[in-house]
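Trainee: Could you take me slowly through one part of this model? I'd like a close look at the second largest pocket: how much space lies in it?

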Amino acid sequence: MDIMRMNKLKARLMIDDDFLVGPVPDRLFGSFVEHLGRCVYTGIYEPGHPSADENGFRRDVLDLARELGVTTIRYPGGNFVSGYRWEDGVGPAARRPRRLDLAWHSTETNEFGLHEMNSWLHKLGDNELMEAVNLGTRGLEDALDLLEYANVPAGTHLSELRKENGAAEPFDIRMWCLGNEMDGPWQLGHKNAHDYGTLAASVARGLRQIDPDLELVVCGSSAHGMETFGQWEATVLRQCYNLVDFVSCHAYYQPRDGDLASFLASGDDMRAFIKDVGSVIGSVKAELKSDHDIHISFDEWNVWYQDAEPSKVPEGIDNWPVAPRLLEDMYSAADAVVVGDLLIELLSSVDLVHSASLAQLVNVIAPIMTEPGGPAWRQTIFYPFAAVARSAKRGVVLQPRLDSCTHETNAYGQVKTINAVAVRGCNGNLEIFATNRSLTDDVEFTIQNFDENQPKVILASTLHEDDLHAKNTLRKPDRVTMHTNNTVSIEGKEVSITLPKASWTHITIK
């Protein structure tokens with residue numbers, strides 16, 4: 001047996017370029033901007049800030065978003081979209097109405113809307129917008145109006161209105177979400193699977209009458225543990241399978257009852273979630289005898305302390321604040337290790353997952369934090385996402401054999417102590433991402449690549465802290481970061497490195 005306990009635990013990754021999972025989709029590195037808390041206001045948009053440009057966009061946030069490597073932005077929600085009137089956010093800002101946001105018990109000023117989001121994305125680098133439509137309080141007619149406004153070049157009432165509002169060229173939004181979390185009883189306009197499937201099919205048919213080449217995302221389950229999970233997907237897909245291109249998955253993780261061992265293995269739940277949804281897709285495809293392929297859009301995922309004080313929304317008939325501090329989790333080193341592990345699972349599933357969105361981008365359960373009128377900084381979870389986006393984008397995920405020691409967890413039983421994935425980058429380098437999920441043991445990790453070239457390690461970087469609760473804060477913004485791992489060595493064709501307990505590592509081999 002290759003894996004045994006000696007002075008250190010051991011694990012081995014054996015790689016052969018002939019065995020592939022699939023290419024890495026650019027959309028795997030998407031994020032999410034919702035009108036929630038300070039994500040938009042004093043997040044990406046703060047007129048009067050020292051770094052603000054002529055549009056009121058914070059340049060320091062734009063710089064960090066570029067460094068993070070986000071490709072696609074899902075907008076404007078989220079729960080927010082189920083009560084949103086898109087036309088409130090277009091036209092002269094001074095004339096836009098203030099509305100109650102029932103999702104987050106706040107007041108929406110509508111200073112920032114579709115035009116501003118499109119301009120922000122161009123400033124970021126012509127990144128892609130994934131637009132969500134309101135299927136909570138609205139439906140087919142409003143979705144058609146929004147598509148006409150956004151994408152029809154000219155010659156109709158709404159396309160000409162867009163031009164009058166300052167956008168001579170259409171926004172050409174290709175990817176559209178048909179509502180948000182419609183399976184959730186908390187959702188404004190919540191529907192059962194049959195009713196939502198009927199509505200989604202109707203809206204999809206209508207949108208395709210304007211543009212048959214749109215890519216449409218239908219709502220899957222809001223969590224793996226939803227009571228309706230599985231049945232929801234099957235019922236919805238039977239009604240609209242040939243009309244849509246993606247089914248969504250949403251998942252958030254946090255330690256339960258202080259159980260860090262299970263928390264570090266959260267990727268096992270994500271993997272099972274993806275496999276289960278993939279099975280339902282395959283079953284419905286076979287049942288309908290369809291030749292159409294549907295993939296997964298994992299368009300909300302992250303660590304989120306949902307029961308913590310920062311996640312409590314305002315209350316009271318007379319208490320509807322503008323951009324309150326909501327869901328402003330401050331992430332620890334342990335949280336960053338989990339996010340790195342979830343990225344490994346997304347990469348390992350690119351045969352099924354063709355789009356994903358880290359929720360969210362700024363301030364709200366986010367990799368980037370800001371202070372109104374003050375600085376912006378990187379949270380701990382920023383680092384694994386940026387490393388993967390930078391080095392795996394446009395690469396190919398390989399299908400290695402991973403032999404790893406295991407350990408017991410309360411939530412998931414026996415799990416592999418080491419979780420890892422290998423990507424052949426677009427420049428030919430081999431990119432390895434590995435998590436040591438053990439709370440107690442370092443692991444000697446060996447990488448063997450079955451090609452003819454002598455390996456040369458050009459990067460070995462690890463996120464690890466003895467204090468798993470260490471965080472980056474306004475006063476200490478660089479407390480947790482990636483550090484060079486000096487334990488790496490090469491013997492023949494094998495690369496070996498020590499992975500510290502509770503850590504996430506990126507290795508680049510030329």
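Mentor: The second largest pocket holds about 510 Å³ of space. Before we climb in, a word on the ground rules. This is a predicted model, so to speak on trust: local features need pLDDT of at least 70 and side-chain atom pairs count only at pLDDT 80 or more, while totals for chains, interfaces and linings use all residues. Residues are numbered from 1 along each chain as its sequence is written, and side-chain values use heavy atoms, with hydrogens and water left out.

What counts as a pocket here? On a 1 Å grid over the protein atoms alone, a pocket is an open set of points with protein on both sides within 12 Å along at least five of seven lines, a cavity is a set where a 1.4 Å probe fits but cannot get out, and lining residues have an atom within 4 Å of a point. Points are joined across faces, edges and corners, and the volume is the space filled by probe spheres set on them.

Now find the walls. There are 23 lining residues, and the ones nearest the pocket's centre are Arg271, Glu345, Ser348, Asn419 and Ala420. Two or more lining residues come from each of helix H8 (267-287), helix H9 (333-348), strand E18 (413-416) and strand E19 (418-424). Those names are DSSP runs numbered from the N terminus: helices are H or I with at least four residues, strands are E with at least two. By residue type, the lining splits into 11 nonpolar, 5 polar and 7 charged. For that split, Ala, Val, Leu, Ile, Met, Phe, Trp, Tyr, Cys and Pro are nonpolar, Asp, Glu, Lys and Arg are charged, and the others, Gly among them, are polar.

Here's the bit I like: domain 1 (9-17 + 399-509) and domain 2 (25-394) each give at least three residues to this lining. The domain bounds come from an automatic or database domain assignment. The centres of domain 1 and domain 2, taken over C-alpha atoms, are 30 Å apart. Across the boundary, 36 residues of domain 1 are in contact with 39 residues of domain 2, where contact means heavy atoms within 4.5 Å.

Follow H9 away from the pocket and you reach the largest nonpolar core. It has 135 residues, and those with the most contacts inside it are Trp120, Leu178, Tyr196, Phe298, Trp301 and Leu347. H9 gives the most to this core, 11 residues. Both domain 1 and domain 2 supply at least three residues to this core as well. A separate, second core of 22 residues includes Leu9, Ala434, Val443 and Val495. A nonpolar core is a set of buried Ala, Val, Leu, Ile, Met, Phe, Trp, Tyr and Cys residues joined through side-chain atoms within 4.5 Å. Buried means under 20% relative accessible area, exposed over 50%, and partly exposed in between, with a 1.4 Å probe and protein chains only.

It helps to set our pocket beside the largest pocket, whose volume is about 760 Å³. Of the 40 residues lining the largest pocket, Ser222, Ala223, Tyr252, Trp304 and Gln306 are closest to its centre. Strand E10 (246-253) and helix H7 (260-264) each supply at least two of its lining residues, and E10 has the largest share, with 4 residues. The lining of the largest pocket divides into 20 nonpolar, 14 polar and 6 charged residues.

Last stop, the closed spaces. A search of the whole structure finds 4 cavities of 30 Å³ or more. The largest cavity has a volume of about 100 Å³, and its lining includes His35, Trp104 and Pro324. Strand E6 (residues 106-108) gives the largest share of that lining, 3 residues. The second largest cavity holds about 80 Å³. Strand E7 (128-133) and helix H3 (140-151) each supply at least two residues of the lining of the second largest cavity, which divides into 8 nonpolar, 1 polar and 3 charged.
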